[in-house]
Amino acid sequence: MTAATPQAKGWVQIATLADLNRPRPLIPVTLAGRRLVLFRDDEGQLGLIGRHCPHRGADLCYGRLEDNGLRCPFHGWHFNRTGQCVEQPAEPEGSRMHEQIRIPMVPVREVDGAIWAQVGVELEQAAAAETEA
Ligand code: FES
């Protein structure tokens, strides 16, 4: 393994591509004691975000993969792969409340058939860095 591999930069393997090669590409992941959900969106990109909805705590592993993200099974809040809430169906039209809601996320990458997650960063910092990128 070279210094350029993800593990040398504080990355750990959490799954293989085969684990997500299914009709519903979504699996639960526990990383450093944090309960997360790994999924592939409509663009083929990976998301690794907190497993519990910030609204009422529903388990997003039971969410629906649709509209290029993950929709909560309880009341339909919709999150993209960065953990940003992009829709709240029960809010009035034009509401921007969703812009203030974000689920913690962990940077995730695919390398040589494996899926790696970055460890050692605060999830909120990772989300901010992803947004700025
Ligand atoms: S618990 Fe997720 S939208 Fe209500």
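Two strands are said to pair if DSSP finds at least two bridges between them. The views below show a predicted model.

**View A. The whole chain, with one helix and ten strands.**
Read along the sequence, the elements follow the pattern β-β-β-β-β-β-β-β-β-β-α. The mean pLDDT of the protein is 88, and 83% of the residues reach 70 or more, whereas over residues 1–8 the pLDDT stays under 50, and for this stretch the model has eight contacts beyond four places in sequence. Of the 133 residues in the protein, 30% are buried. Among the contacts between residues at least 6 apart in sequence, 40% join residues that are at least 24 apart.

**View B. The open sheet E5-E6-E7-E8, in which four strands pair in the antiparallel sense.**
Strand E5 (64–66) and strand E8 (85–87) are the edge strands of this sheet, since each of them pairs on one side only. Strand E7, made of residues 78–79, runs antiparallel to E8 and is joined to it by two bridges. At this pairing, phenylalanine 79 stands opposite cysteine 85, a residue of E8.

**View C. The open sheet of three strands in the order E2-E3-E4, with antiparallel pairing.**
The edges of this sheet are E2 and E4, each of which pairs on one side only. When direction is ignored, neighbouring strands of the sheet are turned by 30° against each other on average. Is strand E3 enclosed by the rest of the structure or open to the outside? Five of its seven residues are buried, and therefore E3 is largely enclosed by the rest of the structure.

**View D. The hairpin of E2 and E3, with two residues between the strands.**
Strand E2 covers residues 26–31 and strand E3 covers residues 34–40, and the two pair in the antiparallel sense over six bridges. The register can be followed residue by residue: proline 28 stands opposite valine 37 of E3, valine 29 stands opposite leucine 36, and threonine 30 has arginine 35 as its bridge partner. In the turn, alanine 32 has a positive phi of about 50°.

**View E. The hairpin of E3 and E4, with five residues between the strands.**
Here the strands run antiparallel and are joined by five bridges. One pair to look for is leucine 38 with its bridge partner in E4, leucine 48. The turn contains glycine 44, which has a positive phi of about 85°.

**View F. The largest nonpolar core, a set of 23 residues.**
In soluble globular proteins, nonpolar side chains tend to be buried together. In this core, the residues with the most contacts inside it are Leu38, Leu48, Ile49, Val108 and Ala117. The elements that give two or more residues to the core are strand E1 (11–16), E3, strand E4 (46–50) and strand E10 (114–118), and the largest share, four residues, comes from E3. Around alanine 117, leaving aside neighbours within four places in sequence, the residues in contact are Trp11, Val12, Ile14, Leu31, Leu48, Val106 and Val108.

**View G. Leucine 60, in the loop between E4 and E5.**
Why does leucine 60 count as buried? Leucine 60 has 26 C-beta neighbours inside 10 Å, and a residue is buried if 20 or more other C-beta atoms lie within 10 Å of its own. If residues up to four places away in sequence are not counted, leucine 60 touches Val37, Arg51, His52, Cys53, Leu70 and Cys72. Leucine 38 is 22 residues from leucine 60 in sequence, and the two C-alpha atoms are 10.0 Å apart in space.

**View H. Glutamate 110, a residue of strand E9 (residues 108–111).**
With 17 other C-beta atoms within 10 Å, glutamate 110 is partly exposed, because that count falls between the limit of 12 or fewer for an exposed residue and 20 or more for a buried one. Which residues is glutamate 110 in contact with, leaving aside its neighbours within four places in sequence? They are Leu17, Leu46 and Ile115. Leucine 46 lies 64 residues from glutamate 110 along the chain, and the C-alpha atoms of the two residues are separated by 8.3 Å.

Conventions. Residues numbered from 1 in each chain as written. Predicted model: local features only at pLDDT ≥ 70, side-chain atom pairs only at ≥ 80, totals over all residues. pLDDT = per-residue confidence, 0-100. Contact = placed C-beta atoms within 7 Å. Core = buried A, V, L, I, M, F, W, Y, C linked by C-beta atoms within 7 Å. Axes fitted to C-alpha atoms, helices over the stretch in contact; angles between N-to-C directions.
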